[in-house]
Every structure is written in structure tokens, then in C-alpha cells.
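Student: I've got this model open at the bench and I'd like to talk it through. Can we go piece by piece?

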Amino acid sequence: MAAKKNKYTYVWVSLIVLVFGIIFIPKIVNRLKSGTVVEADRMNVKDNSGELAYVLANGKKRRVPSFEFINQDSLVVSDNDYRGKVFVVDFFFTSCPSICPIMTKNLVSLQNEYEGRADFGIASFSITPEHDTPTVLKTYAEKYGITDLDWHLMTGDQKKIYKLANEGFNIFAAEMPDAPGGFEHSGLFALVDKNGFLRSRVDEFGNPIVYYRGTITEGQGANDHGEQEQISILREDIKKLLEE
């Protein structure tokens, strides 16, 4: 008797599934064809394509740490000098035989793009400050065509600069005897808005990319590892922040 009851139950469940399919599957197919399912899903995902995200740390917006160093003109420069400006941050050294020349040329292209704008600047910190005196930095600036008065090449206490890089911006910099030039650094650029907050565009998953690759030129397009250049998008994002 129990077996017979289970058999009837199975028949009724099958019938219900069949009826559901007849009624609803055509509607689902039509929604798929018309794209309404995709559109509904898209409505549930925040579209950040036109916005620049804030870079967060422990749930809070990351602000540029305070700093004070000497620039290529032997002038004292601090984070206060960048207030009200959109600016790009990098860490470099003048005797770098590998990525620094590429990074500097990319920054020069940005300098030339926003030439004459009082609300744009660049902050470059030397990770070999004992060698990179103001005189050496001045020569480096002249070599690469650095003319913007708001582009400061800075030198000072090495521990403070390394702390600023590794803890303040989380951009890696360290002495490494086996690395080209004896020092290793990431070659990334950080973007800062007029209020001193780190900003970036988001990736395809809606997460901030945080930093921009500075070691690939727009002309190259990509490096040997298939990583795409990001100077073009950095250029676009600077413009967005300048218009905020």
C-alpha cells in the first residue's frame, strides 16, 4: 500500500513539474531573448564605470600621510603644498637603470597634458636620498624635461621616505643588492584627489585597482607578461578628478 502511495505521489510531482514547465519556461526563454533577465541582474550591481572609487583601509578612506622633504630647488615641500591639487605619486631613484626612466617619461607626458594647470601636480620621492641630493635631482629634472613648478622631486631622511612608501602608500621600496641598481621598487603610481584622498577606477568586479602601472608606455600597449599599459586610463582619471 505504501509503495502504491509513493507511486501516485511521484506521478503527481511529475505532473506539477510538467505544468510548471509548460507555463513558465516559454516566458523565461522570452526574457532571456529580450535581455530583461540580464538587465534585471545589472540593476542589482552598482555601476561604477563613470566614477572613481576611494581607496579604503579598515573601512575608511585612505588619506595621503603628512610629509616634509627637500625638493630639487632646495625648497621645503610638504603635503600642504598639494592641497587643492590632483596629483600623482611615485617612488624612484635617479641612478635606476631599469624602470625609472620609463616611469619618468610617462609622468612627463602627463605633465605636458596638464601643463599650466595650477590644480595639478606630481610628487616624486627618491628612495636613494643620500645620493639624490637637490643638485642631482635638478640635473635629473633638466635631463627629462621636468618643468612643472608643481612637480617636486624630493629627498630627505631615508627611513622616513621608506616608511612613507611602504606604510603610507603601500608602494614597495627596499634596498636589494641583487636588484638592478641595488634597490627594488614597484613602479606603481598613486592618484590623489584635491582633498588628499587616494582614488582609482574600479576593475570588472567593482573593486578599486588602487594603483596604476607606471612602467609601460602607451606606445608599448602591453609588456612581455601581457599586462596592459595604464597611463591612458590614468590620464582620463586625472581629468575626472580635476572636474570634480
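Tutor: Sure. One definition before we start: a residue counts as buried when its relative accessible area is under 20%. Keep in mind, too, that this is a predicted model.

Student: Then how many residues of strand E11 are buried?

Tutor: Strand E11 spans residues 188-192, five in total. The strand is mostly covered, and the number of its residues that are buried is four.

Student: Which residue in E11 is the bridge partner of Val 89?

Tutor: Start with the strands: E6 and E11 run antiparallel, joined by three bridges. E6 covers residues 86-92. On the E11 side, the bridge partner of Val 89 is Ala 190.

Student: And which residue in E12 stands opposite Val 192?

Tutor: E11 pairs with strand E12 (residues 198-200) in the antiparallel sense, over two bridges. The two strands form a hairpin with five residues between them, where Gly 196 takes a positive phi near 85 degrees. Opposite Val 192 in E12 stands Leu 198.

Student: What about E13: which residue there is the bridge partner of Leu 188?

Tutor: Strand E13 is made of residues 212-213, and its pairing with E11 is antiparallel, over two bridges. In E13, the partner of Leu 188 is Arg 213.

Student: Moving to helix H3, is Asn 106 buried or exposed?

Tutor: Asn 106 lies in H3. Beyond its neighbours within four places in sequence, Asn 106 is in contact with residues including Phe 189, Gly 214 and Ile 231. Its relative accessible area is 5% and the cut-off is under 20%, so Asn 106 is buried.

Student: Where does Cys 96 sit?

Tutor: UniProt, in an unreviewed entry, lists Cys 96 under "binding site", along with Cys 100 and His 185. Cys 96 is buried, with a relative accessible area of 7%. Its place is in the loop between E6 and H3.

Student: Last one, helix H4. Why are its buried residues on the same side?

Tutor: The buried residues of H4 (residues 134-144) are Pro 134, Leu 137, Tyr 140, Ala 141 and Tyr 144. An α-helix has 3.6 residues a turn, so residues three or four places apart point the same way. Thr 135, Glu 142 and Lys 143 are exposed on the other side of H4. The buried ones end up on the same side because they cover an arc around the axis of only 120 degrees.

Student: And which elements cover those buried residues?

Tutor: The cover for the buried residues of H4 includes several elements. Among them are strand E4 (68-70), strand E6, helix H3 and strand E8 (151-154).

Key
Residues numbered from 1 in each chain as written. Predicted model: local features only at pLDDT ≥ 70, side-chain atom pairs only at ≥ 80, totals over all residues. Heavy atoms only, no water. Buried < 20%, exposed > 50% of the residue type's maximum accessible area, 1.4 Å probe, protein only. Arc of directions from axis to C-beta. Contact = heavy atoms within 4.5 Å. UniProt positions renumbered as here; feature names shortened; annotations may be inferred. Pairing = 2+ DSSP bridges.
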